[in-house]
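Visitor: Hi, I'd like a quick tour of this one. Can you walk me through it?
Guide: Sure, here it is.

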Amino acid sequence: MSRTWLKWMPAVVVPVLIASAAVAVPFAANAAVTLPTKTPAQVLALIAGEKVTALSGTLSQTSSLGLPELPTTGADASSGSALELLTGSHNARVFVDGTAKQRVQVLDRMAERDLVRNGSDVWLYDSKKKTAVHSTLGERALGTSKPEGSIPTPDQLAATLLKSVDSTTIVSLGSDLRVAGHPAYNLVLTPKASETLLGSVSIAVDSETGLPLSVELFARSQTTPAFSVGFTKLDLGAPDASLFTFTPPAGAKVTEKAPKADSTRPTGPRSPAEKPTISGTGWDSIVAIPVDTSAAGKKSLSVTSSPLFGKLTTNATGGHLFHTSLVNVLLTDDGRIFAGSVPVEKLQAAATAK
């Protein structure tokens with residue numbers, strides 16, 4: 001799980017640690033189904049052999065992480081909007097045709113936000129704000145399956161989790177499911193560690209293609225998912241080509257965004273003192289991010305002065321705590337960050353360890 005934590009860690013406020021992973025879920029599995037018997041290893045092999053390149057469908061997300069409602073108006077509305085996928089339920093339409101054509105429509109109340117990629121062209125449209133941003137992908141990004149900022153589908157979230165399956169995980173099968181009309185095996189990942197906040201992960205795997213149809217994350221001792229993402233409708237045919245052609249509606253304010261350089265990594269290596277470190281192994285490991293003394297780091301730390309920061313965190317010994325049912329994040333008074341799917345006491349112990 002250690003490398004997965006690093007991929008999920010943002011620079012400062014790690015609420016996004018789960019959000020970057022998805023539009024997520026209260027999907028309902030329909031009528032019971034009985035599939036040919038497979039072992040967990042065979043279902044893992046089924047996922048590994050998945051070759052779906054085109055689909056269209058509707059994703060449903062529900063997050064029940066114990067967070068307060070985020071503001072939709074006022075000075076903190078923009079920050080709240082960035083984190084809104086961490087609360088409540090959300091729906092999105094997803095269209096994919098190969099690695100160079102994707103469209104995601106996040107459906108808000110009386111509005112929608114669209115991300116459309118067609119080759120190197122990417123559009124971001126917000127119907128509520130009446131804004132459209134156009135950018136062009138660099139050569140390196142052309143081979144990626146989705147542009148930066150898009151919402152991952154269940155297969156992408158499942159891939160992130162499955163990369164970390166090792167001896168610290170019990171892999172088993174639950175009862176067969178039917179998700180969005182597709183019969184599916186129910187692959188269950190259960191951490192062996194007794195101190196992790198994560199109780200289990202359930203991945204519904206299409207019995208024909210191996211495509212993950214839904215992912216549910218359960219907090220320990222809870223019977224309903226704390227976070228999940230799944231299809232409520234799914235068609236594995238190629239979407240109409242016109243869906244990937246975007247023209248800004250009349251009245252929309254259009255902004256051209258300069259393409260990023262192919263490589264945004266620093267030219268010089270970071271010193272060992274500046275690199276994140278990991279203590280422990282498996283699902284109860286802890287990621288420690290040292291103080292960022294760069295100008296960008298100092299600017300990002302100004303988030304602690306925001307009223308929204310106060311709403312999302314509580315005072316704790318040694319700093320401030322961002323708490324969810326799946327993840328705890330401790331921001332120490334001296335600017336360090338400790339995060340993990342562990343009780344806050346373990347983060348505090350890591351922060352004071354010599």
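Visitor: Let's start with S221. Is S221 buried or exposed?
Guide: S221 counts as exposed, because its relative accessibility is 77%. The cut-offs are these: buried means under 20% relative accessible area, exposed over 50%, and partly exposed in between (1.4 Å probe, protein chains only).

Visitor: Where is S221 placed?
Guide: In the loop between strand 11 (212-219) and strand 12 (227-235). Strands (E, at least two residues) and helices (H or I, at least four) are DSSP runs, numbered from the N terminus. S221 also has a positive phi of about 70°, although it is not a glycine.

Visitor: What sign does phi mostly have?
Guide: Most residues other than glycine have a negative phi. K130 is not a glycine either, and its phi is a positive value near 55°. K130 is in the loop between strand 5 (121-126) and strand 6 (131-136). With 53% relative accessibility, K130 counts as exposed.

Visitor: Hang on, what kind of model is this?
Guide: It is a predicted model: local features need pLDDT of at least 70, side-chain atom pairs count only at pLDDT 80 or more, and totals for chains, interfaces and linings use all residues. Residues are numbered from 1 along each chain as its sequence is written, and side-chain values use heavy atoms, with hydrogens and water left out.

Visitor: What is the mean pLDDT of the protein chain?
Guide: The mean is 78, and 70% of the residues reach 70 or more. pLDDT is the predictor's confidence in each residue, from 0 to 100. Among the elements, helix 3 (residues 40-48) has the highest mean, 97, and helix 2 (residues 16-19) the lowest, 35.

Visitor: Which residues stay under 50?
Guide: Residues 71-82 do, and the model has 12 contacts for them beyond four places in sequence. Contact means heavy atoms within 4.5 Å. Over residues 141-150 the pLDDT is below 50 too, with 26 contacts beyond near neighbours in sequence. Where pLDDT is low, the predicted coordinates should not be read in detail.

Visitor: New topic: R103. Which strand is R103 in?
Guide: Strand 3 (residues 101-108). R103 is buried, because its relative accessible area is 10%.

Visitor: What does the side chain of R103 meet?
Guide: The side chains of R103 and D114 are joined by a polar contact of 2.7 Å. A polar contact is a pair of N or O atoms within 3.5 Å; within protein, one must be able to donate a hydrogen and the other to accept it, and residues adjacent in sequence count only if both atoms are side-chain atoms. A polar atom of the R103 side chain also lies 2.8 Å from the backbone oxygen of L243.

Visitor: And helix 8? Which residues of helix 8 are buried?
Guide: In helix 8 (residues 344-352) they are V344, L347 and A351. They are on the same side of the helix, because they cover an arc of only 60° around the axis. That arc is of the directions from the helix axis to the C-beta atoms. The face turned away from the buried side carries the exposed residues E345 and T352.

Visitor: What covers the buried residues of helix 8?
Guide: The cover includes strand 15 (286-289), strand 17 (319-323), strand 18 (328-332) and strand 19 (337-340).

Visitor: What is the strand order in the open sheet of 6 strands?
Guide: The order is 14-15-19-18-17-16, with antiparallel pairing. Strand 14 (277-279) and strand 16 (313-316) stand at the edges, each with a single partner strand, so one side of each is left without a neighbour in the sheet. Two strands pair if DSSP finds at least two bridges between them.
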